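Me: I would like a close look at a single chain of this model, taking in how it is built and what it touches. Please answer in one connected account.

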Amino acid sequence: MPADPVLTLVWAGIIGLAIFIYVVTDGFDLGIGILFPVMAPGAERETAIATIKPVWDANQTWLVLGGGGVFAAFPLAYAILMPAVYAPLIAMLLGLIFRGVAFKYRARTTRIWLWDFAFFAGSTLAAFSQGVILGAVLQGVKVAGRAYAGGWWDWLSPFSLLTGASVVAAYALLGACWLIWRTEGAVQDHAYRMAWRGGAASIMAIGAVSLATPFLNHDYFSHWFEAPGYYYSAPVPVLVTITGLLFIRALRRRAEVAPFLLAQALFLLTFIGLGISIFPWAVPGEVTIWQAASAANAQAFMLVGVGALLPVILGYTSYAYWLFRGKVGAEGYA
Amino acid sequence: MFDEMSALALARFQFAFTVSFHFIFPAFSIGLASYLAVLEGLWLKTGRDVYLQLFRYWLKIFAIAFGMGVVSGIVMAYQFGSNWSAFSDKAGPVIGPLMAYEVLSAFFLESGFLGVMLFGLDRVGKKLHFLATCLVAIGTTISAFWIIAVNSWMQTPQGFGIAPNGQFYATDWFAVVFNPSMPYRLVHTLLGAYLTTALVVGAVGAFHLLKDRKMGRAPQQATKIMFAMAMGMVAVTAPLQVLAGHEHGVNTLEHQPAKIAAMEGHYESHDRAAPLILFGVPDDERQVMDYKIEVPALGSLVLQHDIEAPTTGLDKVAPENRARVAFPFYAFRVMVGLGVLMLLLGGWAAYSAWRGRLFENRWLHRLALMLGPAGFIAVLAGWITTETGRQPFTVFGVLRTADSASPLAAPAVAASLIAFIVVYFFVFGVGTWFILKLMKSEPSPAEPGPPPEQAADVGSLPPGAPFGFQLAE
């Protein structure tokens, strides 16, 4: 049962979409965990966590769709990459365990500091690991036959540490912007200050990763600096610069929703940038998405489900967000 | 030691450990979600406050159990790739889509409406809230459907071919999903989940009945109702489960006779009148059952309803395809033994209720309390039976476990295994302790919902929300 080239492209798009929705939604609630230590215990932390309580679980489900989608639509890529990023993958899962249960436990415990720390450490570890995994995949892994052929520390490099730190900074930025939107008063004031720092760190991170990536391998380089690649890729850095400037202006004017949307736009642009670098590889330099593709009837069978259910999912997820809309006050927690 | 303990053995142990821990939570939350939907439905229908008390009481426990199920479930989703990459590569085109359907049709439904269920009563009103509760309950059941389809396909694979590159591919999706063991396993598992929940609810009710009697005070109305509902559920589901388990066994005999031989401890075949081995000590080296206590001819009668029926023993299975007998043999006996106790509890409770002594019979309450964790143990024992009985294959008869693992070094698997063990015992130990603490207090007319921090007043709807009360205090 051979793979189908068009279906494969569609599935690459669906998985890209799932991962993108994951990073911009779970990104902001992980970001709140990352920022937890600089928030004051009591009203500020309670307000911040109250804004994400009804939605974080649904946000995290996109990660399961992303992983499950790769497993089903590109099983060979899944089989090669998961062992290649074994250590950061396990670290991410453990981080997600700690921060996930912290939501429930911190409301039940007398040792709230312990679960606040678990919430912070788990969120930060999960974000950092995701960045490391991204870097490890971008820099390439050793393959022999249909399996990973490297060691279990191959993922570790200055580049993967840089991408790890970058994702932490970027999630923190999203978290701060989310708080600007959803809170008011002192909590919001603090969120503006955090957004300035998060924004500066994120823009530096984007710059550093953008400069390093094209030199990882020649394919990436040619996509950015050689014809015809740069006709498509050249607008990306220009748009990043414009979005960055708009973001600074929005913070200056104390806009409430614009910073969050612009931060998401920055994510979208970097996401497109990563896509330009990596396409059409599923495992960079080794396996293309067409080589990794699942049987055509598997992709088609799932596409029916996605076509029928994804609009419904987007519908009720939006409904849940709408239901818990508006500013979250601290006065309810006295 | 590390050389002896291969990466494969460590990966198997890691899967067994993480899946066993994980399965405890869905086994409980599938049943509890449905119980919550029933309670809320009864509250809406009768308007009696006591159902709302019970709903709030169990909702707090559900929130913690569900949370633990979610985080331990993500580990499972990624472990296929991390530790079983060869299996993922080969089986991905067949079971991958089924798991993707689980995410699309169940996980999003559960996680999307859980927030409404926990925090939304004052925002959406009673009817929509009830709908959210029902959707979460339905989501847990759909999730069971898909993951049981995957597991059953691994037990009784059909509707597939093997491509030149070694990958499986589906030739008939309907045959893949509704493979021969799937309906039996699904019913058996769902009934197990309901029974597990009923036993927990019953034990909590029994605990408070006993405590109230000791303190010389009358039990709360809510306590009596939950005990009565739980015992009613046990009385109905325990016999059904025995029946379903039997049918599942007959189905296994047809499709996986080697597994039945291991479960029954039959090293040798019988032309007729196979005995039923009640107990013994299996010895795989010598392929004999030591110290066995057996009932003549009953084995053929139970599984084949015919005393003349021949039975296949492990002697007719190629040595390299035999499972190790000890796991399925002992685990099966644990499950059946607990099943008998559950049957006894259900019958006794029904008799007590008929005599009008359901809330007075202290010995009944003691048995109910004792059997509180029995459902979890039975469900795990059942899983150990079916999973170890499938060995040495991951996809029965087609793909060997030894050919399924990732190319990882033993230290990598050992390190992650140790990390999982430490974290799971700590994190889920704490969660279980929180749940037990909640169970220790009796549901009361002033039953609070999830604590203030959990049920925060999110957003700024006009004050005096439509139904004027919240789940939270």
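Among contacts in chain B between residues at least 6 apart in sequence, what percentage join residues at least 24 apart? Please start there, and then go on to the domains of chain B and to its contact with chain A.

Reply: In this predicted model, 76% of the contacts in chain B between residues at least 6 apart in sequence join residues at least 24 apart. The chain that holds these contacts has 14 helices and 6 strands. Its radius of gyration is 24 Å, close to the 23 Å given by the globule rule for 473 residues, so chain B is as compact as a globular protein of that length. Along its principal axes the C-alpha trace of chain B spans about 70 × 55 × 45 Å, and 54% of the 473 residues of the chain count as buried.

Chain B is divided into two parts, with domain 1 covering 8-269 and 312-440, and domain 2 covering 270-281 and 288-311. The C-alpha centres of domain 1 and domain 2 of chain B lie 30 Å apart, and where the domains meet, 11 residues of domain 1 are in contact with 11 residues of domain 2. On the side of domain 1 of chain B that touches domain 2, helix α8 (residues 221-255) of chain B gives the most, with 3 residues. That side of domain 1 divides by residue type into 3 nonpolar, 6 polar and 2 charged.

Turning to the partner chain, the contact between chain A and chain B takes 64 residues from each of them. On the side of chain A that touches chain B, at least two residues each are supplied by several elements, including α2 (43-52), α3 (56-73), α4 (75-84), β2 (147-148) and α14 (296-323) of chain A. Helix α5 (86-105) of chain A belongs to that list as well, and α5(A) gives the most to this side, with 13 residues. By residue type, the side of chain A that touches chain B divides into 43 nonpolar, 13 polar and 8 charged.

A last point concerns the nonpolar residues. In soluble globular proteins, nonpolar side chains tend to be buried together. Here the largest nonpolar core has 269 residues, and of these A:A77 and B:V234 touch the most other members. Leaving aside its neighbours within four places in sequence, A:A77 is in contact with A:V70, A:A282, A:V283, A:V287 and A:A292.

Notes. Residues are numbered from 1 along each chain as its sequence is written. Chains are lettered from A and ligands numbered from 1 in the order in which they are written. This is a predicted model: local features need pLDDT of at least 70, side-chain atom pairs count only at pLDDT 80 or more; totals for chains, interfaces and linings use all residues. Domain bounds come from an automatic or database domain assignment. Two residues are in contact if their C-beta atoms, placed from the backbone, lie within 7 Å. Helices (H or I, at least four residues) and strands (E, at least two) are DSSP runs, numbered from the N terminus. Ala, Val, Leu, Ile, Met, Phe, Trp, Tyr, Cys and Pro count as nonpolar, Asp, Glu, Lys and Arg as charged, and the others, Gly among them, as polar. The radius of gyration is taken over C-alpha atoms; the globule rule is 2.2 Å times the number of residues to the power 0.38. A residue is buried if 20 or more other C-beta atoms lie within 10 Å of its own, exposed if 12 or fewer, and partly exposed in between; C-beta atoms are placed from the backbone. A nonpolar core is a set of buried Ala, Val, Leu, Ile, Met, Phe, Trp, Tyr and Cys residues joined through C-beta atoms within 7 Å.
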